[in-house]
Amino acid sequence: MAKKNRPAESAAAASAEAASPAHTGAANGHDHNTTITSVSTEHRKFAPPESFAETARISSLKEYRRLHRLADEDPEKFWGKIAGELHWFKPWKKLLSWKAPFARWFVGAKTNMSYNCLDRHLDGWRRTKAAIIWEGEPGEVRTLTYAQLHHEVCKFSNVLRSLGVTKEDTVAIYMGMVPEAAIAMLACTRIGAAHNVIFGGFSAEALRERINDSRAKVLVTQDAAFRRGTEVALKDAADRALTGTPTIEHCIVYRRSGSQIAMQAGRDHWWHEMMAGISAKSKAEQLDSEHPLYVLYTSGSTGKPKGIFHTLGGNLVWSYYTTRMVFDMRDEDTYWCTADIGWVTGHAYVVYGPLLNGATSLMYEGAPNWPEADRFWDMVERHGVTIFYTAPTAIRAFMRWGEGFPRRHDLSSLRLLGTVGEPINPEAWMWYRSTIGGDRCPIVDTWWQTETGGIMIAPLPGATPTKPGSATLPLPGIDVDVVRKDGTSCAPNEGGYLVIKSPWPSMLRTIHGDDQRFKETYWSHYKGWYFTGDGARRDEDGYLWIMGRVDDVVNVAGHRLGTAEIESSLVAHKMVAEAAVVARPDEMKGNALVAFVSLAANATASPALKEELREHVAREIGAIAKPEEIRFSDALPKTRSGKIMRRLLREIASTGQVSGDVTTLEDFSSLEKLRAGEEE
Ligand code: WT7
């Protein structure tokens with residue numbers, strides 16, 4: 001299996017390196033508490049395929065560096081060129097006003113997101129080009145051309161207006177993956193209402209909290225969504241949420257499944273009834289560049305969700321530019337980002353980025369393993385997908401399901417692959433490259449956050465040689481560094497804290513309603529710099545390797561280790577499907593590592609295997625990273641977006657109980673089993 005293809009010499013180099021202090025923070029003579037020790041040993045490197053580079057927008061590192069320099073030295077020219085490709089009703093007076101931590105970009109300009117995504121393409125041939133190709137889980141396919149999408153968006157914007165929604169308001173959207181979700185988002189931007197999309201997998205309670213915090217006036221939802229062959233009763237959940245949401249005046253319900261739901265007279269309106277007969281003439285509001293675009297809630301590891309607040313002009317420019325550069329987007333592409341629109345990835349890279357580029361964006365309603373585990377590959381083949389963008393957690397699931405599923409299909413239409421959401425372990429990266437990409441497609445590992453609004457660190461596929469597990473280099477215009485606690489830059493390969501040193505257009509403007517928390521969370525660690533919360537290291541080529549959230553860093557025997565690297569080593573073992581590493585207090589060592597491991601389909605749990613895995617880690621990365629304890633578990637507790645909730649595992653490992661907030665947990669049964677100690 002491809003999983004095993006770590007070259008023998010690299011494994012040998014690995015143990016030699018781990019033993020050598022030159023590769024650790026210790027070598028730099030700094031207090032361990034100021035840095036993070038890196039134990040990663042990945043050395044493979046892949047040049048962009050020549051045929052890809054030949055036609056790519058940016059085809060060499062030299063060109064990349066030139067752009068980077070231009071952005072630093074002449075920002076007016078750099079941003080002016082990019083922004084100039086979009087439509088502005090009124091030009092900006094000033095590129096940037098920066099009173100840390102508050103930024104305003106394209107100051108004084110007037111523009112509109114929906115106009116740029118739609119109207120701008122209607123004059124030419126793209127009028128009849130597919131903007132969105134949608135596939136429902138049961139199998140139906142709908143195509144909306146740019147003209148059709150424009151028509152629907154204009155009408156729905158008038159529906160919102162007819163309910164009294166203005167550019168001062170916020171509209172909550174609680175839907176599954178249907179084109180109407182994108183239509184609702186675009187309609188909001190047309191009239192200048194901020195949208196607050198709440199992931200359809202969230203509970204009534206989570207929905208209510210997010211509606212109330214954003215003070216939304218209207219909720220757009222649907223009767224039910226299809227997922228893994230069953231219906232997710234969205235309207236039922238909405239009804240429960242709406243018992244405690246004083247700001248909501250109206251609820252619009254799109255009929256998707258036709259299932260029986262309650263409609264409350266006066267408050268609830270059917271989408272199709274509101275749309276019937278309403279005018280399709282809708283002027284796009286001329287909105288200030290700093291006008292609200294959206295609020296999107298991130299769970300955060302503890303406490304109350306944060307309403308990440310984004311504004312128009314900066315996101316317009318950055319979604320457009322990053323999609324163009326990182327995906328090298330072309331008119332001929334059929335592009336598929338598998339993210340749900342409930343996440344920021346769905347905002348920037350299912351809806352805005354592709355539409356701003358006049359591209360064709362594929363949208364899929366359901367689960368990747370419905371009716372069978374080859375659904376994605378079946379879709380890639382049938383739709384001729386050329387660019388495919390997904391999450392490492394999905395890739396590891398595909399690996400677990402086996403190569404047989406992708407092998408059933410012709411995947412030769414693919415020309416570029418992407419990942420986002422967490423560090424990708426090198427073995428998954430290699431599997432993705434060979435099994436899905438046929439060793440032919442570059443992989444863009446894209447690092448960013450809900451807070452950054454768009455991709456910040458990623459290869460340019462025609463220019464940047466890639467290394468499995470590294471997001472490589474910051475995009476032109478993005479000024480990142482890896483620093484110690486005291487703010488000094490780390491030496492090559494010394495792990496530290498990832499910061500962004502200058503403002504960028506799509507940065508969050510604040511946390512909705514809480515400037516103080518905004519300042520404390522992101523701007524109190526380093527004066528004038530944005531703190532990402534991630535640990536990272538920069539290698540000798542300047543490549544960035546994300547080591548995970550610093551909250552998850554474990555301290556063993558005086559070494560601070562990023563969990564991602566230890567987990568990566570565990571999942572490189574052929575018997576392991578997924579792993580999460582946490583620390584629990586230990587009388588002797590201060591802390592001991594506990595690894596929660598879910599096994600590959602063909603593996604059997606046994607004490608011998610536990611021992612073997614401990615030895616495997618010791619061999620691969622050194623004795624300091626050897627887990628004290630291995631616990632097997634069928635499933636690990638994850639957020640709905642696929643991130644492992646190490647905080648919960650930490651609690652289980654240390655106290656056997658969980659006390660913190662679990663509203664963002666995907667599958668409660670995984671937690672129940674762990675809590676009961678039911679794992680093998
Ligand atoms: C956190 C942000 C970005 C949209 C989806 C997640 C982790 C994200 C990568 C990557 C390593 C990554 C970071 C980041 N992360 N992408 N390519 N490599 N880590 O958005 O929920 O706001 O999470 O996800 O830890 O801080 P989010």
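**Close-up views: sheets, ligand shell and loops**

**View 1. Y297 meets its partner across two strands.** G307 in β15 is the bridge partner of Y297. Welcome to a predicted model, in which local features need pLDDT of at least 70, side-chain atom pairs need 80 or more, and totals for chains, interfaces and linings use all residues. Residues are numbered from 1 along each chain as its sequence is written, and side-chain values use heavy atoms, without hydrogens or water. Strands β14 (residues 292–298) and β15 (residues 306–311) run antiparallel and are joined by six bridges. Strands (E, at least two residues) and helices (H or I, at least four) are DSSP runs, numbered from the N terminus.

**View 2. An open sheet of eight strands has a helix packed on it.** Following the sheet across, you meet β12, β11, β8, β6, β7, β14, β15 and β23 in that order, with mixed pairing (at least two DSSP bridges make a pair). At the edges are β12 (268–270) and β23 (510–511), each of which pairs on one side only. Helix α11 (residues 312–326) packs on this sheet and touches β14 and β15 (heavy atoms within 4.5 Å). The direction of α11 makes about 80° with that of β15 (C-alpha line fits, N-to-C, on a scale from 0 to 180 degrees).

**View 3. Four strands make an open, antiparallel sheet.** Here the order is β21-β22-β24-β25. Strands β21 (480–483) and β25 (544–549) form the edges, and each pairs on one side only. From one strand to the next, the twist averages 45°. Look between β24 (residues 530–538) and β25 to find five bridges holding an antiparallel pair. Within this sheet, R537 stands opposite W545 in β25.

**View 4. The ligand sits in a shell of 16 residues** (a heavy atom within 4 Å). The closest of them are D445, T446, Q449, T450 and D534. Three contacts between N or O atoms help you find your way (limit 3.5 Å). An N or O atom in the side chain of D445 is 2.7 Å from a ligand nitrogen. For T446, a backbone N or O atom lies 2.7 Å from a nitrogen atom of the ligand. A backbone N or O atom of E422 lies 3.4 Å from a ligand nitrogen. Taken alone, the ligand exposes 550 Å², and the protein buries 89% of that (Shrake-Rupley, 1.4 Å probe). Helix α12 (344–356) and strands β20 (443–446) and β25 each give two or more residues to the shell. By class, the shell has six nonpolar, five polar and five charged residues (charged means Asp, Glu, Lys and Arg; Gly counts as polar).

**View 5. Two prolines follow cis peptide bonds.** One such bond joins A100 and P101, with omega about 0°. You will find P101 in the loop between β1 (94–99) and β2 (102–107). The other runs from W370 to P371, with omega near -5°. P371 belongs to the loop between β17 (360–364) and α13 (375–383).

**View 6. R215 has a positive phi.** Its phi is near 55°, in a residue other than glycine. Look for R215 in the loop between α8 (204–214) and β8 (218–222). Strand β8 also appears in View 2, between β11 and β6 in the order of the sheet.

Technical notes: Polar contact = N/O pair within 3.5 Å; in protein donor to acceptor, adjacent residues only side chain to side chain.
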